[in-house]
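Q: Please take me slowly through one part of this protein, explaining each technical term as it comes up. I would like to start from a metal site and then follow the chain outwards.
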Amino acid sequence: MDMLRNFPGLIPLNKEASVYSGYINIYNEDYRIHIELFENKTLEDLELSCDWKLQQLLHGYTAILKQRLKQCTSLCQYLLEVKSLVERQLEGRHNSHQGGSSQVCAQLLGEVEHLGWDRLVSIDAKFQTLELQCKDKKGRQHIMKVTLSSQHPRSAPRCVVDLPGQFHVQWKSTSSLECLYKQFESAVYMYQDFIDVMVELDQKTWILEPEKPVYSATYRRIAVSTNASLQISVDHRHPRTLPECRFLGADQAVVPLRESLNSNLHLWDEGKGLLENLQVLLGTQLPSPATSSKEEFSVECGICYAFRLDTELPNQACSDARCGQPFHQTCLYEWLRALPSSRQSFNTIFGDCPYCSKPIKVKMPVKR
Ligand SMILES: [Zn+2]
Ligand SMILES: [Zn+2]
């Protein structure tokens, strides 16, 4: 349907619609093209042949078209990109005396060529945003998203990376994509150790927060038992030093963990990874995806029956050992406040557990 509406001059030559032949019209000019999709019909195997005029316009863009083809999900989408590329070329010719946009395109393509096409993950049809990839020493992929300024290369592009700390780009008007890439690569290498220790935690423990850990996140909330978790904040420059630790959960679970941690602090060994050190200090193995399911540790709040309330997790728990029911701080506070039997002293409210009626207390949540 889309093909017919966008390219009425292009006709499928067979039932499977794997061969098209005809014309595409760009700026009131017809260009003859012939397209063949092979066997399984994946777009990447597409073969496009066209007349001499169109060939001239697409000259030098073969690699970029191949790259774009990977991002396209339909033939129609791909042809629309070919069309917009040609339109830009034609506009560029009209404006060539002003140094039109096609000149910038050509320069950019030269820079990508120089850098290597395998490092380019994607580029948009307007050639304004591109993603470059770099593999770290463990073969993990890292992406830098680059948005070129309209003054490129006179003013610096905007770069976004998923790495801890700040990423400031050094840029001069003579700089190129390659020097951006070098800065990106050295930042990735600089944080290699941080990434390694965090990924080990992410793979071998249950991370309750962040929901989807990214490389830039320096904190983790790790499940320790069904009613206790440990929140750590890691120094990304010194990832093997003792992180800031905070326990969350029911008192009867948290108190022994805190005692164990404090009395074993001298056992921390910076030659080892975070996971190993934490387990030594806590005197226990942390629950692992290899032996347990996450549901055991993401126990929902006993009042609202959800695990996540905005960004809040159920981090208050009844301290009665047989109950141990977790609650969101906000939920428990609101619940107790509504009961006439509760009493408040400064910012703490005392009442009965909604589950087992044993005494429970909660601090007033800090409004964020
Ligand atoms: Zn709740
Ligand atoms: Zn209770």
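What is the geometry of the site of the zinc ion (ligand 1), judging by the angles among its 4 donor atoms?

A: The site of the zinc ion (ligand 1) is tetrahedral, with angles of 96 to 118° among its 4 donor atoms; the word is used for four donors when all angles lie between 85 and 135 degrees. Before going further, please note that this is a predicted model, in which local features need pLDDT of at least 70 and side-chain atom pairs count only at pLDDT 80 or more, while totals for chains, interfaces and linings use all residues, and side-chain values use heavy atoms, without hydrogens or water. Residues are numbered from 1 along each chain as its sequence is written, with chains lettered from A and ligands numbered from 1 in the order in which they are written.

The zinc ion (ligand 1) has as its protein donors C301 (SG), C304 (SG), H328 (ND1) and C331 (SG), which lie 2.1 to 2.4 Å from the ion; a donor is an N, O or S atom within 2.8 Å of the metal (3.2 Å for Na, K and Ca). Along the sequence these donor residues follow the spacing C-x2-C-x23-H-x2-C. Of the residues in this site, H328 and C331 are both buried, a term for under 20% relative accessible area, whereas exposed means over 50% and partly exposed in between (1.4 Å probe, protein chains only).

The zinc ion (ligand 2) is held by C318 (SG), C323 (SG), C353 (SG) and C356 (SG), which lie 2.2 to 2.4 Å from it. The site of this zinc ion (ligand 2) is tetrahedral as well, with angles of 104 to 115° among its 4 donor atoms, and its donors are spaced C-x4-C-x29-C-x2-C along the chain. C323 belongs to the loop between β13 (316-317) and β14 (326-327), while C353 belongs to the loop between β16 and β17, so this pair ties together parts that are 30 residues apart in sequence. With a relative accessible area of 24%, C323 is partly exposed, whereas C353, at 3%, is buried.

The loop that holds C353 leads into the neighbouring sheet, because it lies between β16 and β17. This is an open sheet of 3 strands in the order β15-β16-β17, with antiparallel pairing; strands are DSSP runs of E with at least two residues, and two of them pair if DSSP finds at least two bridges between them. β15 (343-345) and β17 (359-363) stand at the edges with a single partner strand each, so one side of each has no neighbour in the sheet. On average, neighbouring strands here are turned by 25° against each other, direction ignored.

Strand β16 (residues 348-352) is joined to β17 by 5 bridges, and the two run antiparallel. Within this pairing, F350 has K361 of β17 as its bridge partner.

Finally, helix α10 (residues 329-337) lies across β15, β16 and β17, and it runs at about 115° to β17; such angles, from 0 to 180 degrees, are taken between the N-to-C directions of axes fitted to C-alpha atoms.

Technical notes: Four donors count as tetrahedral if all angles lie between 85 and 135 degrees; four count as square planar and six as octahedral if opposite donors are over 155 degrees apart and all others between 65 and 115; anything else is irregular. Helices (H or I, at least four residues) and strands (E, at least two) are DSSP runs, numbered from the N terminus. Contact means heavy atoms within 4.5 Å.
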